[in-house]
Amino acid sequence: MNAWTIAALVMVCVLYAGARNPEEAVYRVCAVAAVVVLAACGQSEETPNESVSLGSISLSEQATTDLQTYATKASAFVQSFDSGADDATLSAQAQALMDLSETIVPAYVEVYPGCKEHLNAALKITDTWQDLDPETIERDYHQDAALPDPAPGADCYHMKDLVVHPATALALLNQPEVDREQVRHEMAEVAAHAGAVRTGVGFNSSDGD
């Protein structure tokens, strides 16, 4: 029950109680009803102001398309793995994902400029993963030992992992003894990160995915 309804009921009770006869009571009640309706119609139907949420922030149209493609390719990687794809095929798929992440980062930084230094440092792994063992990648990139801290409040974690997980998979596949289950884990996880980025920055799609 809103404030106008409560006010109307109170006024009706007061005026009805003061009426000298039934006709006057009806007249008073109708008058109150007319005043309340007119006042309520004059009120604007504005919704309360809300703080800007991550969901209201959007990537560029091209970056949105690339992000959707990324999520699809990440899922395809896992399907390929489960279908028994060989290491060379998986490496090519991981490389394609890492390349795609490089095109998304600049658009992401436009939305979150506080991530610029953090993500630019993370991008270095795209050129150096061949020289890094999985343990070093875990320490320096997953645990951020080699990365500058993001600006306070900047949401960089999921976007960073869109770069780092494919690089990790490539490094694992490049080892003399490939830990294929860990490769699958890296890419299954990055599919979830892609979904988080899409949701967190407001996926530019009319279907509201």
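**Exercise 1.** Which residues does histidine 193 touch, not counting residues up to four places away in sequence?

*Solution.* Keep in mind that this is a predicted model. Start by placing the residue: histidine 193 lies in helix 9, residues 180-200. Next, list its contacts, leaving out residues up to four places away in sequence: Tyr157, His158, Asp161, Leu162 and His165. Take one of these partners, tyrosine 157: it is 36 residues from histidine 193 along the chain, yet their C-alpha atoms are 8.7 Å apart. Finally, check burial: the relative accessibility of histidine 193 is 5%, so this residue counts as buried, the cut-off being under 20%.

**Exercise 2.** Work out how helix 7 and helix 8 run relative to each other.

*Solution.* First find the geometry: the axes of helix 7 (residues 134-142) and helix 8 (residues 157-173) come within 10 Å and cross at roughly 170°. Angles over 145 degrees count as roughly antiparallel, so helix 7 is roughly antiparallel to helix 8. Then look at who makes the contact: helix 7 contributes Pro134, Ile137, Tyr141 and His142, while the helix 8 side includes Lys160, Val164 and His165.

**Exercise 3.** Compare the span of helix 4 with its expected value, then look for a bend.

*Solution.* Helix 4 has 25 residues (87-111), so at 1.5 Å a residue it should span 36 Å; the end C-alpha atoms are 36 Å apart, which agrees. Now follow the axis: there is a bend of about 30° at isoleucine 104, with proline 106 following within four residues. Among the buried residues of this helix are Leu97, Ile104 and Tyr108.

**Exercise 4.** Describe the aromatic pair in the structure.

*Solution.* There is one such pair. Tyrosine 108 and tyrosine 112 form it, 5.1 Å centre to centre with 40° between the planes, making it tilted. Both tyrosine 108 and tyrosine 112 are buried.

Key
Residues numbered from 1 in each chain as written. Predicted model: local features only at pLDDT ≥ 70, side-chain atom pairs only at ≥ 80, totals over all residues. Heavy atoms only, no water. Phe/Tyr/Trp six-rings, centres within 6.5 Å; stacked < 30°, edge-to-face > 60°. Buried < 20%, exposed > 50% of the residue type's maximum accessible area, 1.4 Å probe, protein only. Helix = DSSP H or I, 4+ residues; strand = E, 2+ residues; numbered from the N terminus. Expected span 1.5 Å × (residues − 1). Bend = angle between axes of the 7 residues up to and from the residue. Axes fitted to C-alpha atoms, helices over the stretch in contact; angles between N-to-C directions. Parallel < 35°, antiparallel > 145°, perpendicular 65-115°, else oblique. Contact = heavy atoms within 4.5 Å.
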